[in-house]
Amino acid sequence: MKLLTYLLLGLALLLCPAALSAQDYNMEPVSISKDKVKIDGRQYYSHVVLERQTIYSICKAYGISESDLYAANEGLKENGLKKNAIILVPVAECRPAAETSPAPTEVSVTPVKVAAHDSLFIRHTVRWYEDLKTIASKYKVSEEDIIAANKLSGRKLSARQVLLIPRFSGALQNESEESPAAETEETEIAEGTGQEGDEEDDDSLDYGPKDRVKMVLMLPLKASSAGGQENYMDFYSGALIGAKRMAEKGISVEISTYDVASGSLGADDEKLSEADIVIGPVSAAMLQNLMDRGDYRYPVISPLDQKAESIAHSNQRLIQAPAPHLAQYKELVRWLDGDMTGEDRVIVVSERNPKQNPTIAEALAFIENSGLQHRSYSHAAGTSLESGLGNLMTAGGTNRILLVSESEAFISSVIRELRTLQDNGCEVVLYGPSKISSYETIETEALHQLTLHASMSYFVDYTSIEVSDFLLQYRAICKAEPSPFAFQGHDLTVYFCERVARYGRGWRETLSFGTERLLQSDFNFAREDGEGFINNGVRRVVYGKDYSVKIVR
């Protein structure tokens, strides 16, 4: 409670609303973008800037003047273009055709007559991530009923398109039996425009930059008890430092924090629906509980539990921030493939007949199907592997050992044997996931001698200026050293609040634009159809024989 009081006082003193600082807005090359947004009644293309593009080439392609482009993008004239940044390009009334730029695909607009008092249909604005299947499932009607009600020519939908959803299967038949149209007041709704009058959930609203972000934070703090949960208080502290960083950039972050230690989510649906982002709860079980509460527009970020990845495979609203263990093995395979030269040899070492967890089984299957040229060696725990593994090694190049295991005892025995083989003249480099470096029974010196190449979901480079600044602020405000939880709280707050501030409601559409590096984590989100976003960002870390530990990518 003492720390919490400190932090609340610190937040009150340090976080001040301010105007949004000059920003560059991210999107793509000199082909005309197919994505449009509406801001203050005017339409803009969302254009991603590619390398070697210029203000002149973009203006020429879109048929606008440079002054029009500068007016639409605050700070662009002073700061210039940045690779992968999204800028807003005003839609010109008459745009000359560019030789290399195909015209954008326009959404056909078909007016649909709807009786204003009609109780047979629900009007639904299509969100960017929805398709016919998910909408039909939400309203418990068939896809065919939706197609028939809207006279759709195909199954493809457009973001912000307005659909009529039959309240029940016989709605279309009953509609034909209604009284003549002259007896009802009618309203026109244009499909694809999102113009629905006073519809509150219209996704065409609230696009573009924002200077205020509403964030809900759900953590098991146990603030009402004497001890509290130190790790989650650290996370909360880091989030406050992240919010302070946003305030320094002119972005005010309003944080509503809920203690979910009792198992209750606390926040009501109205508060959650008003939020731009929701971080937490922590456990996969409570995240699933939150997902089951209803189909709301707010996204939910899973902050710490890697097991929550399974929820993201079935729910489009979940954003899984911790990179799964399998992502580490995938990165190791790519790393090995790039390191191989001459007579080098890759040997995949795994435990024979282990009580495998799903990650190890998936990793071994991925390696076998990856196309990586390698030899496999499985070893029974508790027996010597020196002679068997030695027989697979090459004397003409580097033996690159990929260790696939999460058993501390097994990994320890393999490393001891590898050091023996290394002392006998074999050139060995060890590759493995982050857990290898965390086991207490493994001497750090052995990892340096084997030049461990580790893929890590979390790694802090204490030599960076950004990390040094965070350390100074954290020590000054919290009177303590930050734990990995504090770094994670900071990174998630900064990354997602910056997204909301730059792009408004459309920020989720920008998550797949590439890798962004924070203090402890890399964020590189991807998604499959019908799924949420999963972070695949991991860092390549090398343990040098000079006892250095460096990020190499």
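Guide: Before we start, a salt bridge here is a side-chain nitrogen of Lys or Arg within 4 Å of a carboxyl oxygen of Asp or Glu. This is a predicted model, so local features need pLDDT of at least 70 and side-chain atom pairs count only at pLDDT 80 or more, while totals for chains, interfaces and linings use all residues. Residues are numbered from 1 along each chain as its sequence is written, and side-chain values use heavy atoms, with hydrogens and water left out.

Visitor: OK, how many salt bridges turn up in the whole structure?

Guide: A search of the whole structure gives 12 of them.

Visitor: Which residue does E248 meet in a salt bridge?

Guide: K244, with 2.3 Å from N to O. Both residues are in helix α8, 4 residues apart, which is about one turn of the helix. Helices here are DSSP runs of H or I with at least four residues, strands are runs of E with at least two, and both are numbered from the N terminus.

Visitor: And is K244 buried or exposed?

Guide: K244 counts as buried, at 14% relative accessibility. E248 is at 51%, so it counts as exposed. The cut-offs are under 20% relative accessible area for buried, over 50% for exposed and partly exposed in between, using a 1.4 Å probe and protein chains only.

Visitor: What about K249, what does that one pair with?

Guide: The side chain of K249 forms a salt bridge with E498, also at 2.3 Å from N to O. E498 sits in helix α18 (residues 484–503) and K249 in the loop between α8 and β9 (252–259), so this pair ties together parts that are 249 residues apart in sequence. E498 is buried at 15%, and K249 is partly exposed at 29%.

Visitor: Sticking with α8: where do the axes of α8 and α17 go relative to each other?

Guide: The axes of α8 (residues 230–248) and α17 (residues 465–478) come within 11 Å and cross at roughly 115°. Axes are lines fitted to C-alpha atoms, for helices over the stretch in contact, and angles run from 0 to 180 degrees between N-to-C directions.

Visitor: Which residues make that contact?

Guide: On the α8 side, D234, S237, G238, I241, K244 and E248; on the α17 side, F470, Q473, Y474, I477 and C478. Contact means heavy atoms within 4.5 Å. The residues split into 5 nonpolar, 3 polar and 3 charged. For that split, Ala, Val, Leu, Ile, Met, Phe, Trp, Tyr, Cys and Pro are nonpolar, Asp, Glu, Lys and Arg are charged, and the others, Gly among them, are polar.

Visitor: Switching to sheets. What's the order of strands in the one with β13?

Guide: That open sheet has 7 strands, in the order β14-β13-β15-β16-β17-β22-β23, and the pairing is mixed. Two strands pair if DSSP finds at least two bridges between them. The edges are β14 (375–379) and β23 (549–551), each with a single partner strand, so one side of each is left without a neighbour in the sheet. On average, neighbouring strands are turned by 25° against each other, direction ignored.

Visitor: How does β13 pair with β15 and β14?

Guide: β13 runs parallel to β15 over 6 bridges, with R345 opposite N399. β13 is also parallel to β14, over 5 bridges, and there V348 has S376 as its bridge partner. Since 6 of the 7 residues of β13 are buried, the strand is largely enclosed by the rest of the structure.

Visitor: And the other end, β22 and β23?

Guide: Those two run antiparallel, joined by 3 bridges. V542 stands opposite K550 in β23.

Visitor: Which strands does α12 lie across?

Guide: Helix α12 (residues 325–339) lies across β13, β15, β16, β17 and β22, at about 145° to β17. Within α12, E331 and R334 form a salt bridge of 2.8 Å, N to O. E331 is buried at 4%, R334 is partly exposed at 45%, and these two are linked with R540 in a network of salt bridges.

Visitor: Last one: what's the strand order in the sheet with β9?

Guide: β9-β8-β10-β11-β12-β21-β20, an open sheet of 7 strands with mixed pairing. β8 (residues 212–219) and β9 pair in the parallel sense over 8 bridges, and M218 has Y258 in β9 as its bridge partner. Helix α10 (residues 284–291) packs on this sheet, touching β8, β10, β11 and β12.
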